[in-house]
Amino acid sequence: MKNLPVRMAGWSAAHPWRGIAGWLAFVVLCLGIGISVGTNAATSEDFRIGEAGRGEAIAAEGGLQQRPVEHVLITAGPGTGRLDRRAADAAAADITALMSRLPEVRSVAGPVHNARYSAVRVTVTLNGPELEGKKHVEPLLAQTAAVRKAHPGLRIEETGSPSISKGVEKLRGDDLSRTEVIALPVTLVTLLLVFSSLAMALVPLLLALSSIVAAVGLSMAASHVFPDAGVGTNVILLIGLAVGVDYTLFYLKREREERARGGGRLSPRAVVEIAAATSGRAVVLSGLAVAVSSATLYLADDVIFSSIATGAIVVTLVAVVSSLTVLPALLAKMGMRAERRAERGLAPKKPRTYRAGPGRLTAAVLRPVARRPAATLLVAVLALLALAAPVLGLKLTDMGRETHSRSIAAMRVYDRLNAAFPELKSMHQVVVRAGADRSAEVTAALRQLAADVEDDPRLSGTSTLTTSPDRRISMLQLQVPHYVSTNQAQTSLKDLRERYVPETVGAVKGAETAVTGDVARYADYPAHQEQKLPLIIGALLLVTFAMTVWAFRSVVLALVGVVLNLLSAGASLGILVLVFQHTWAEQLVDFTSTGSIGSRVPLFLFVILFGLSMDYQVFVISRVREAALRGVPTRRAVIEGIGSSAGVVTSAAVVMVTVFASFAALHLIEMKQIGFSLAVAVLLDAFVIRMLVLPSLMLLLGEANWWPAHGPRRTRAAAGPAPRPLETVS
């Protein structure tokens with residue numbers, strides 16, 4: 001009763017208004033700091049990975065880096081038949097004239113007709129870095145709209161990386177708003193069912209939302225150390241609502257139990273301190289576990305995962321702080337209000353009851369577990385392994401531009417542009433750095449390379465050679481008439497790197513070469529993730545093991561935790577593969593299968609799931625350990641601890657599943673896969689792992705659960721008889 005959570009809770013309960021005002025000031029301060037320093041957005045340099053990234057760096061050194069490009073597509077109007085070439089040329093001239101005057105535009109290429117003369121395109125290159133094109137594309141879209149209005153007989157449309165990125169950003173924002181509309185009411189209803197009190201139900205929700213606001217501000221400041229890749233806010237919303245509600249729920253449930261068990265004999269402050277000594281400690285351990293687990297993502301050496309880690313760590317720690325400071329203050333005020341109502345005779349005639357032990361459904365589930373733990377364990381583990389089996393066929397890919405939803409207007413134009421000009425689907429860029437005195441030799445070698453691949457059916461035969469002003473950097477761009485995910489594009493990259501480049505420009509003495517471009521980016525990113533995956537999973541297992549040993553002084557429980565987390569993550573990843581790498585569930589989950597899983601999904605799933613699983617593990621085992629410390633035999637302590645925690649774990653799981661499942665409704669395929677896999681993982685963890693596998697295993701292990709410690713019963717005996725707990729009030 002003297003540890004930090006208890007002292008913090010005791011102070012807040014004794015000074016509730018100061019605690020509440022302090023929390024509000026903290027939230028405002030965090031947001032104010034974030035707004036004042038702004039967000040440091042990741043640049044193109046931060047996204048460079050593998051050989052593709054090295055090639056981009058070399059190209060940028062010579063001013064040959066990729067720039068934001070838009071294409072204006074001119075085709076015949078719907079129902080008008082063949083394209084009027086004269087009208088199309090006039091429209092293209094108007095586009096060229098208007099675009100050239102814009103300060104956002106770097107250059108406008110001449111009009112290009114396709115082979116069938118059914119379409120004309122005008123390519124517009126914007127100023128600035130590739131990633132910032134979406135910020136400056138609006139004036140271009142306005143000019144395209146003006147020309148479209150002036151030529152009503154033609155279909156004039158615009159697409160390109162900037163307009164697609166702008167459309168994706170808007171769609172993501174709309175989707176997130178929709179998830180809030182779904183998740184918040186369902187969470188509130190769940191909490192109402194748990195507490196049967198609107199005030200008590202609103203507390204977790206309001207604290208979670210205020211924690212999210214504070215975390216957004218802090219993450220903006222943190223972005224100056226770990227640049228924001230544009231996913232930080234999404235992660236804060238996803239994780240913040242889940243853990244924020246969960247931590248408050250754990251605390252609230254324990255406070256209500258202690259208040260009912262005390263039967264009015266304990267002051268509001270005393271009740272809060274008891275809750276802090278038990279659930280408060282579990283919240284701290286859980287929060288630290290999520291934060292430390294999330295920190296392993298920094299090992300990925302990837303700006304996107306660094307952003308995810310930063311968002312998850314910040315919002316988790318803020319949620320822990322809210323549970324230890326403002327929550328005890330709110331509970332103390334609510335307790336004082338209840339006391340005053342009782343003194344005035346306004347309290348309910350029938351006092352609230354507290355019933356120890358599991359509910360009927362939990363008791364029904366635990367009964368066969370207690371009778372046949374070995375059989376239950378065998379069946380549950382075999383079922384989880386069967387669900388994990390599809391992981392053997394896991395195929396990781398980066399989600400290319402062609403996977404974006406066609407609800408984005410620029411994506412529909414993108415399809416029509418690629419149908420008319422297949423050579424624009426993707427490209428290779430062979431970048432060479434050498435001394436200026438070898439420029440002629442490099443140029444000749446690159447021309448030879450272009451001639452060698454000219455008749456390759458996997459390429460379009462179209463090439464462009466450019467050289468930097470200082471003649472040190474040269475780049476050959478080869479157009480690929482296939483999407484980056486196709487076998488033709490990928491095999492052409494392999495041959496280019498392993499055969500064509502070494503035989504030509506690679507033979508130039510002192511020349512440094514790299515192949516980059518759309519196809520290379522698509523191939524190198526998943527390869528980088530697969531390379532980092534063993535390191536991160538190893539670190540994750542070590543962290544989970546160490547945190548459990550630290551929390552419970554038990555090597556056995558730490559090993560159990562690691563194995564159970566692997567089972568849960570493996571099964572959920574197997575279900576993800578089963579659903580998303582095939583087409584049978586497309587209508588059910590509203591997606592178009594790419595035959596693969598997003599390369600970021602497994603890492604995100606493993607790290608976040610390991611952290612969140614520790615929530616349940618710490619809370620459940622803490623209750624078992626409490627019972628054992630009171631002198632209850634281990635077998636009964638397991639059933640009692642898991643039974644008494646089942647209600648809050650189930651409620652917490654429902655909240656998490658609601659939040660994650662709402663993300664599964666997003667249009668972006670990778671976010672959909674993340675939301676779906678996390679929802680499945682939490683369901684399995686809460687209802688299979690914690691209700692079947694964990695109790696079965698602990699029952700079979702008995703006193704060995706606590707090895708190498710002497711065990712709670714022996715520890716308790718050495719310390720002397722325990723004070724009798726307050727009797728259950730009914």
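## Salt bridges and loop residues

The count of salt bridges comes to 23. The model is a predicted one. Three of the pairs are set out below.

| Pair | Closest N to O distance |
|---|---|
| Glu 61 and Arg 472 | 3.1 Å |
| Arg 406 and Asp 415 | 2.7 Å |
| Glu 498 and Lys 494 | 3.2 Å |

Glu 61 and Arg 472 form a salt bridge, with the closest N and O atoms 3.1 Å apart. This pair links distant parts of the chain, 411 residues apart. Glu 61 sits in helix H3 (residues 50-61), while Arg 472 sits in the loop between strand S8 (463-467) and strand S9 (473-480). Glu 61 is partly exposed, at 41% relative accessible area. Arg 472 is partly exposed too, at 31%.

Arg 406 has a relative accessible area of 30% and is partly exposed. Its partner Asp 415 counts as partly exposed at 27%.

Where do Glu 498 and Lys 494 lie? Both are in helix H16 (residues 487-503). They are four residues apart, so about one helical turn separates them. Glu 498 is exposed, at 55% relative accessibility. Lys 494 is partly exposed, at 47%. Elsewhere, salt bridges with shared partners join Arg 54, Glu 61, Arg 433, Asp 470, Arg 472 and Glu 512 into one network.

### Backbone features in loops

Asp 301 is not a glycine, yet its phi is positive, at about 55°. Its loop runs between helix H9 (268-295) and helix H10 (303-324). Asp 301 is exposed, with a relative accessible area of 53%.

Arg 553 also has a positive phi of about 55° without being a glycine. This residue is in the loop between helix H17 (518-552) and helix H18 (555-580). Is Arg 553 buried, partly exposed or exposed? Arg 553 is partly exposed, because its relative accessible area is 48% and the exposed class needs over 50%.

A cis peptide bond joins Trp 707 and Pro 708, with omega about 10°. Pro 708 belongs to the loop between helix H22 (669-701) and helix H23 (712-719).

### A buried serine

Ser 593 is in the loop between helix H19 (586-589) and strand S11 (597-598). Ser 593 counts as buried, because its relative accessibility is 18% and buried means under 20%. What does the side chain of Ser 593 reach? It reaches the backbone oxygen of His 582 at 3.3 Å. Beyond neighbours within four places in sequence, Ser 593 contacts Phe 580, Gln 581, His 582, Thr 583 and Glu 586.

How values were computed. Residues are numbered from 1 along each chain as its sequence is written. This is a predicted model: local features need pLDDT of at least 70, side-chain atom pairs count only at pLDDT 80 or more; totals for chains, interfaces and linings use all residues. Side-chain values use heavy atoms; hydrogens and water are left out. Helices (H or I, at least four residues) and strands (E, at least two) are DSSP runs, numbered from the N terminus. Buried means under 20% relative accessible area, exposed over 50%, partly exposed in between (1.4 Å probe, protein chains only). A polar contact is a pair of N or O atoms within 3.5 Å; within protein, one must be able to donate a hydrogen and the other to accept it, and residues adjacent in sequence count only if both atoms are side-chain atoms. Contact means heavy atoms within 4.5 Å. A salt bridge is a side-chain nitrogen of Lys or Arg within 4 Å of a carboxyl oxygen of Asp or Glu.
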